[in-house]
Amino acid sequence: MFFAPTRAADVATATPIVAGRCSRPQPSTPPATRSPGRDFRADGWLDAPPRSTVMAALLASGRYPDIFFSTTMRDEVDPSMFAVPWWYRSGIRRHGTGRTLLRTDGIIHRAELYVNGSKVAGTDEIAGAYPVHTFDVTTLVRPGTNALAIRVHPGHPMSDLSIGWVDWNPTPPDTNMGVWRDVVVLRAPGRTLADLHVRSDVDIESLAHARLQISVDVENADQAERTVTLSGTVTGTANRDYSPAT
C-alpha cells in the first residue's frame, strides 16, 4: 500500500505529499472531503504514488499489467472512465506551531482543493499543467492527521492548459488527467521567502566572469511592521580548466 499520512514537521520546511488514494465518484462512497474518521471508507480506492495521473494510479494498483504491449492501451482501456471527475485523497500529520500552506505545482486539467471538508480553492484558480498556486490553510488544519482532498476534472488537451504528445509517445486515455506534479506542505513562520530567481549575465567571450542578479519575494503574514535583513551565499567549485566554445 502506498498510502500513509505525510508528516509535516515544524516551521521552515517544505514536504511533498508522499502518497494517497484516488477514485471516481461512487454513489456508495461518502464525500472524499470529510475529515479522517469512521465516516470515510476508502474501499475500492486506488493507491496513488506521488505525482500520479489517474492512469498512473491505475497501473500502480495492478490494472492493465500489459499496457505497454501491442495495442492494449487502445483496445482494453475504456476512455469513458476519464470523462468524469476523479478524487485524490491523502492525510497530513501536522506537528508544532507556525503557519501551514499547501502548494500545488501543476494539476491537469482543473481541480478543486479541500482540507478537512472545507473548500480551499476551485477550478477558477487551480488549472493547468505548470501553474503553481500556494494556499494558506493554517486555520483549517489541527494537530494530528488532517484530510486533504483534490477533485480533478477532465478536459481536452486542445482547449485546456495541458501538455502534448508525439507519434512515438501516444496520448494516454486519461489525457494525463490528475495530480501529475507535487503537492507540497509548507510549514512557515510569520515571514516567508518564495520564488527565488537567479538571473545570470555571462561573459560569453572569455567565460571568465558572470554577474548574478538574485531576487526573492518576502511575505509578512501579520499586520505588524517589521524590518527583515536577508543574506545569502553563492557557493560552488571554480573550474578554470575550460576553453571558450567555438
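In this tour, Ala, Val, Leu, Ile, Met, Phe, Trp, Tyr, Cys and Pro count as nonpolar, Asp, Glu, Lys and Arg as charged, and the others, Gly among them, as polar. The model is predicted, so local features need pLDDT of at least 70 and side-chain atom pairs count only at pLDDT 80 or more, while totals for chains, interfaces and linings use all residues. Residues are numbered from 1 along each chain as its sequence is written, and side-chain values use heavy atoms, with hydrogens and water left out.

**First stop: D174**

Select D174, in the loop between strand 11 (144-153) and strand 12 (178-179); strands are DSSP runs of E, at least two residues, numbered from the N terminus. Is D174 buried or exposed? D174 counts as buried because its relative accessibility is 1%, and buried means under 20% relative accessible area with a 1.4 Å probe, protein chains only.

Now show M55: its backbone nitrogen is reached by the side chain of D174 at 2.8 Å. Then add N176, whose backbone nitrogen lies 3.0 Å from a polar atom of the D174 side chain. Finally, pick A56, 118 residues away from D174 in sequence and 9.6 Å away in space, C-alpha to C-alpha.

**Second stop: the pocket lining**

Next, select strand 14 (191-202), one of the elements that give two or more residues to the lining of the largest pocket. Strand 14 supplies the largest share, five residues. Lining residues have an atom within 4 Å of a point on a 1 Å grid, and a pocket is an open set of points with protein on both sides within 12 Å along at least five of seven lines, where a 1.4 Å probe fits. What kinds of residues make up this lining? Colour them by type and you will find nine nonpolar, three polar and seven charged.

Methods. Helices (H or I, at least four residues) and strands (E, at least two) are DSSP runs, numbered from the N terminus. Buried means under 20% relative accessible area, exposed over 50%, partly exposed in between (1.4 Å probe, protein chains only). A polar contact is a pair of N or O atoms within 3.5 Å; within protein, one must be able to donate a hydrogen and the other to accept it, and residues adjacent in sequence count only if both atoms are side-chain atoms.
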